[in-house]
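User: Could you take a close look at the empty space in this model for me, starting with the enclosed part and working outwards? I'd like one connected walk-through rather than a list.

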Amino acid sequence: MTLMEDAKKGLITPQILEVAKKEGIDPDLMCSCIAKGIIVIPDNPARESIPIGIGRYMSTKVNTNIGTSRDYINVQEEIEKARIAEKFGADALMDLSTGGDLDSVRSMIMKAVHITIGSVPIYQAAASRKAVVDMTSDDMFNAVRKHAKDGVDFVTVHAGVNLNSLEWIKKGGRITEVVSRGGAFTLAWMLHNQEDNPFYTEYDYLLEIAYEHDMAVSLGDGMRPGCIHDASDGAMFTEIVTLGELVQRARTANVQSFVEGPGHVPVNEIGTCVKTMKSLCHDAPVYLLGPLVTDIAPGYDHITGAIGGTLAGMYGADFLCMTTPSEHLALPTVDDIREGVIVTKIAAHAADITKEGQKERARAMDDRMSHARHRFDWEEQYRLAIDGERARTIRESRVISSDTCSMCGDLCALKIVKEALSKEK
């Protein structure tokens with residue numbers, strides 16, 4: 001049976017117990033939410049990993065994208081990126097490799113870390129042919145099955161990209177028609193073959209594979225807006241309506257699913273975007289890339305994404321895909337991955353301070369830091385910090401003449417008031 005089937009029968013599995021304890025919620029409540037599909041634990045039994053909960057009452061999770069490209073194939077560097085992502089708190093990792101021996105790359109990455117792993121099988125299906133449009137529906141489903149057998153915990157499939165989506169793109173109006181690589185592969189295939197998307201027309205077969213391997217399905221956002229101009233348009237929302245239908249079919253098939261979203265969204269539209277996705281997709285967990293809140297910050301898109309991610313999390317997004325300083329520019333380096341993970345962890349925690357089921361725990365973490373600062377307990381501050389290594393390096397690289405920091409020294413406000421109050425007593 002799948003985890004969702006167990007939950008529908010009221011069976012509290014070891015994964016449910018472990019995640020409930022980590023998240024500080026009642027296991028029975030968690031079991032009920034998994035049965036309804038509003039919490040997902042992607043955990044393929046073919047591979048041992050640290051289970052995570054994504055969805056209602058859960059802390060906001062962070063995903064890291066890594067992977068080779070056809071222009072740059074360095075598997076050891078991708079493995080180092082995976083390890084850095086895990087070290088600095090990423091909850092999940094997606095292998096988006098398109099260059100080299102994809103089976104070998106995926107296997108080595110999966111062995112290098114213990115966190116949840118996702119993938120996009122259509123990349124491998126496309127790589128099996130000379131041209132993207134030459135892949136067959138068998139290639140697509142065989143890739144899904146292969147990734148499932150290998151132990152991938154969730155796969156992104158762009159099953160919501162269909163002929164309706166294509167019509168919206170043909171109408172024009174977008175500056176950047178399609179920026180999702182999987183969405184672009186699918187649309188190009190549809191145009192060339194004059195057929196609808198196999199992942200949409202044969203969705204039940206996809207669910208059979210996912211069910212057989214108890215693998216979660218991440219319903220990809222092939223129509224996500226790639227710039228602020230294109231945000232919240234008909235193509236995006238048409239796909240979301242379709243994804244809502246696919247969520248219901250997955251739940252009926254006892255397959256866990258969550259829904260991916262944009263993309264580039266102006267700040268004032270983020271709340272509407274997330275709430276609409278939640279409503280149309282029946283409260284399925286929402287997984288967002290960013291969202292990026294402006295298009296004019298290349299080199300700093302980890303920050304534009306974190307700004308959007310914080311707001312999205314506050315409005316109910318459950319899973320944030322980090323962006324790096326290399327977004328829109330280049331394949332990220334190991335340092336880019338480290339910085340992207342940390343900035344997105346900050347965004348996720350900032351969102352958790354506002355979230356039902358998590359705000360007490362999140363605020364308690366901030367309170368512990370505040371008490372440590374009040375005591376000038378630097379070791380505790382380093383321990384509590386999202387990036388304690390950097391905090392230590394910054395402080396200790398300056399001349400320190402007291403137990404305060406070098407910004408104020410003996411003129412530290414905390415120190416002055418503490419001494420004044422002590423004398424008063």
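**Cavities, pockets and what surrounds them**

Analyst: Keep in mind that this is a predicted model. The structure has four cavities of 30 Å³ or more, and the largest of them holds about 60 Å³ of space. Its lining is made up of Asp 95, Leu 96, Ser 97, Leu 102, Arg 106, Ser 119, Val 120, Tyr 123, Gln 124 and His 147. Two helices, α5 (102–112) and α6 (121–127), each put at least two residues into that lining. By class, the cavity is surrounded by four nonpolar, four polar and two charged residues.

Arg 106 is a good one to follow from here. This cavity-lining residue is buried, at 2% relative accessibility, and its salt-bridge partner is Asp 103, with the closest N and O atoms 2.8 Å apart. Asp 103 is partly exposed, at 28%. The two sit three residues apart in helix α5, so about one helical turn separates them. The structure has 22 salt bridges overall, and two further pairs are worth a look. One joins Arg 375 and Asp 377, at 3.4 Å from N to O; Arg 375 is partly exposed at 47%, and Asp 377 is partly exposed as well, at 27%. Back at the cavity, shared partners tie Asp 103, Arg 106, Lys 146 and Asp 150 into one salt-bridge network.

The other pair is Arg 145 with Glu 212, where the closest N and O atoms are 2.9 Å apart. This one links distant parts of the chain: Arg 145 belongs to helix α7 (residues 137–150) and Glu 212 to helix α11 (residues 203–213), 67 residues away. Arg 145 is partly exposed, with a relative accessible area of 21%.

Now for the open spaces. The largest pocket has a volume of about 1,400 Å³. It is lined by 49 residues, and Met 365, Leu 384, Ala 385, Ile 386 and Asp 387 are the ones nearest its centre. The elements giving two or more residues to this lining are α2 (14–23), α15 (334–352), α16 (359–374), α17 (378–384) and α18 (388–396). Of these, α15 gives the most, with 10 residues. The lining splits into 23 nonpolar, eight polar and 18 charged residues.

The second largest pocket comes in at about 1,000 Å³. There are 42 lining residues here, and Asn 65, Leu 96, Arg 181, Arg 224 and Glu 327 lie closest to the centre. You'll recognise Leu 96 from the lining of the largest cavity. Two or more residues come from each of β3 (61–66), α4 (75–87), α9 (181–193), β8 (257–261) and β9 (286–289), and β9 gives the most, with three. Its lining residues divide into 16 nonpolar, 17 polar and nine charged.

One last check, on the cysteines. The disulfide count is zero. Cys 273 and Cys 281 are each other's closest cysteine by sulfur position, but their sulfurs are 10 Å apart, which is too far for a bond. With a relative accessibility of 4%, Cys 273 is buried, and Cys 281 is buried too, at 1%.

Terms used:
Residues are numbered from 1 along each chain as its sequence is written. This is a predicted model: local features need pLDDT of at least 70, side-chain atom pairs count only at pLDDT 80 or more; totals for chains, interfaces and linings use all residues. Side-chain values use heavy atoms; hydrogens and water are left out. A disulfide is a pair of cysteine sulfur atoms within 2.5 Å. Buried means under 20% relative accessible area, exposed over 50%, partly exposed in between (1.4 Å probe, protein chains only). On a 1 Å grid over the protein atoms alone, a cavity is a set of points where a 1.4 Å probe fits but cannot get out, and a pocket is an open set with protein on both sides within 12 Å along at least five of seven lines; lining residues have an atom within 4 Å of a point. Grid points are joined across faces, edges and corners, and a volume is the space filled by probe spheres set on the points. Helices (H or I, at least four residues) and strands (E, at least two) are DSSP runs, numbered from the N terminus. Ala, Val, Leu, Ile, Met, Phe, Trp, Tyr, Cys and Pro count as nonpolar, Asp, Glu, Lys and Arg as charged, and the others, Gly among them, as polar. A salt bridge is a side-chain nitrogen of Lys or Arg within 4 Å of a carboxyl oxygen of Asp or Glu.
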